[in-house]
Amino acid sequence: MSFSEKFLEYKDEFLKDLDELLRIRSVYSEDPKKCKEALYWMLEKAESFGLVTKNIDDKAGHVQLGEGGKLCATLTHLDVVPAGENWDCEPFALTLKDGKLLGRGVADDKGCALITLYCLRILKECGIEGKNTLRAIFGTDEEVGMTDVVAYFAKEDMPDMSFTPDSNYGICAAEKGILHLEISSKNHNYGLLTEFKGGTATNAVPDKAYVLLNCTDSDDNQLMRLADAREDEGEYEFMYTIDGLSITHKGKAAHACEAYLGKNAILELVDLLTSNFDLESLGNLVSFIFTNIKLETDGTSLGIKMRDSQSGELTLCLSTINIDEECARATIDIRYPVTFGGKELIKRIKKAAEHEDIEVKILSHTLPLCLDDTKPIIPILKEAYADVCGEEPLMYSTGGGTYARKLGSNGVAFGPVFPGEDARLHNSNEGISEENFWKHAQICLEAMYRMYTAD
């Protein structure tokens with residue numbers, strides 16, 4: 001039996017703890033205090049295992065084994081995105097169904113966080129003598145900006161080698177740039193379109209949106225006919241209210257970095273409305289969306305479509321919209337190739353926005369990451385993966401954004417999702433097959449063992 005299989009002896013206790021952790025509804029945009037609660041839970045659990053812990057400003061913390069030598073670390077996050085719609089089980093709990101572990105955070109990233117804690121526990125209880133310092137670092141706002149690790153590394157040293165299990169297998173050597181924008185209009189026409197709401201997170205494809213219209217009976221009937229003629233006619237719901245006609249559309253959620261896998265409920269409603277009404281009556285913001293985004297996920301109409309050989313194509317996701325009597329604004333998530341400059345991208349978008357009298361605000365901008373395979377962490381991860389899976393992992397790029405960007409070129413993203421598995425990240429029924437989940441746990445244990453004992 002290889003050492004990595006030792007993790008399997010802890011399965012029952014681990015699943016009980018994972019269920020408890022998932023039940024903490026640590027969605028930062030809903031209640032930041034719940035994210036702090038999840039951090040407290042993790043550090044208290046570590047102390048119950050006899051491990052050393054440290055809390056940094058209630059924003060991040062670590063659990064440590066050993067001292068001296070090189071500083072080695074894993075980074076995971078305890079915050080999650082909102083549940084969204086269309087779950088087949090309780091989102092904030094652990095469900096075992098059809099050979100899968102389901103629940104918000106199982107794959108992204110609470111399951112991985114708890115695995116790293118258990119790896120430290122196993123190394124300690126097995127009496128492994130390390131040559132280095134090994135930490136499991138936990139953050140609390142990765143999904144909304146990563147200010148947690150900024151605060152952490154303002155007070156703690158940067159690891160000499162590290163990985164974050166918050167992506168796919170094999171080893172992620174390149175991460176696209178991430179640009180979050182708010183687009184808004186001060187000149188919305190409230191005569192026809194009185195409300196438009198949709199989306200809950202900037203980094204997710206919105207799976208539900210609705211509009212409220214003050215329109216004629218003739219327009220009502222025409223919109224219903226147009227909806228009936230669409231392939232997804234069953235996803236539209238029409239309802240008459242005291243304030244007008246309400247139309248709801250149910251789409252399909254997906255991570256914004258893979259926006260093409262989802263069905264954007266906001267864009268579908270814009271497409272329906274513009275098939276019956278002129279753009280002027282719908283207002284500047286809807287006009288800009290229809291003209292410059294359409295139903296696209298690659299930025300063609302906005303003039304920003306691009307790709308490179310290292311990281312692939314740009315992706316664009318219109319994530320949220322909020323139009324009412326007080327405001328008209330929306331958010332956009334863009335993931336751009338590692339060889340392209342973000343400043344030029346912003347310049348192009350602002351130029352297109354000027355034509356529609358749209359204001360553009362930069363919410364956040366994370367620069368791309370691109371590493372070579374000479375970093376000392378790479379052979380350690382390759383050997384750990386090969387020990388469990390019998391073959392070396394591939395190097396790849398991603399549109400996702402992980403803590404690897406904050407590691408000063410000393411870390412990469414590594415796991416937990418294996419090729420061919422849809423973990424439904426930022427979607428309903430998030431989860432990983434039991435077989436792959438425990439395989440990842442073994443890889444993680446082997447990798448942390450090798451970091452802890454490396455010369």
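Helices and strands are DSSP runs, a helix having at least four residues and a strand at least two. The model examined in these exercises is predicted.

**Exercise 1. Determine where Gly-170 lies and which peptide bond joins Tyr-169 to Gly-170.**

Solution.
Step 1. Gly-170 is found in the loop between β8 (167-168) and β9 (171-175).
Step 2. The bond between Tyr-169 and Gly-170 is a cis peptide bond, with omega about 5°.
Step 3. A further cis peptide bond joins Asp-108 and Asp-109, where omega is about 10°. Asp-109 belongs to the loop between β5 (100-102) and α3 (110-125).
Step 4. As background, most peptide bonds are trans.

**Exercise 2. Decide whether Ala-413 is buried or exposed, and list what it touches.**

Solution.
Step 1. Ala-413 is placed in strand β22 (residues 411-414).
Step 2. Its relative accessibility is 0%, so Ala-413 counts as buried, the cut-off being under 20%.
Step 3. Not counting residues up to four places away in sequence, Ala-413 touches Thr-164, Ser-167, Gly-170, Ile-171, Cys-172, Glu-175, Thr-402 and Ala-404.
Step 4. Thr-398 stands 15 residues from Ala-413 along the chain, and their C-alpha atoms are separated by 9.4 Å.

**Exercise 3. Establish the strand order of the eight-stranded open sheet and identify its edges.**

Solution.
Step 1. The order is β13-β14-β12-β11-β17-β18-β10-β19, with antiparallel pairing.
Step 2. β13 (236-241) and β19 (359-366) each have a single partner strand, so one side of each is left without a neighbour in the sheet.
Step 3. From one strand to the next, the twist averages 20°.
Step 4. Within the sheet, β12 (residues 208-213) and β14 (residues 244-250) run antiparallel and are joined by six bridges. Tyr-210 stands opposite Thr-248 in β14.

**Exercise 4. Describe which helices lie across β13 and β17, and at what angles.**

Solution.
Step 1. Helix α5 (residues 217-228) lies across β12, β13 and β14, and runs at about 165° to β13.
Step 2. Helix α8 lies across β10 (177-184), β11 (193-198), β17 (315-323) and β18 (328-336), running at about 165° to β17.
Step 3. Ser-287 is part of α8 (residues 284-292). At 8% relative accessibility, Ser-287 counts as buried. Leaving aside neighbours within four places in sequence, Ser-287 is in contact with Leu-279 and Glu-356.

**Exercise 5. Find which residues touch the most other members of the largest nonpolar core.**

Solution.
Step 1. The core has 66 residues, and Phe-7 and Phe-14 touch the most other members.
Step 2. Helix α11 (residues 434-453) supplies the largest share of this core, ten residues.
Step 3. Beyond its neighbours within four places in sequence, Phe-7 is in contact with Phe-14, Ile-115, Tyr-118, Cys-119, Ile-122, Trp-438, Ala-441 and Leu-445.
Step 4. Another core lies apart from this one; it has 49 residues, including Leu-245, Leu-285, Ile-332 and Ile-334.

**Exercise 6. State how many residues of helix α6 are buried, and what is found at its start.**

Solution.
Step 1. Nine of the ten residues of α6 (residues 265-274) are buried. Among them are Ile-266, Leu-269 and Thr-274.
Step 2. At the start of α6, a side-chain oxygen of Asn-264 comes to within 3.0 Å of the backbone nitrogen of Ile-266.

Definitions and conventions
Residues numbered from 1 in each chain as written. Predicted model: local features only at pLDDT ≥ 70, side-chain atom pairs only at ≥ 80, totals over all residues. Heavy atoms only, no water. Core = buried A, V, L, I, M, F, W, Y, C linked by side-chain atoms within 4.5 Å. Buried < 20%, exposed > 50% of the residue type's maximum accessible area, 1.4 Å probe, protein only. Contact = heavy atoms within 4.5 Å. Polar contact = N/O pair within 3.5 Å; in protein donor to acceptor, adjacent residues only side chain to side chain. Pairing = 2+ DSSP bridges. Axes fitted to C-alpha atoms, helices over the stretch in contact; angles between N-to-C directions.
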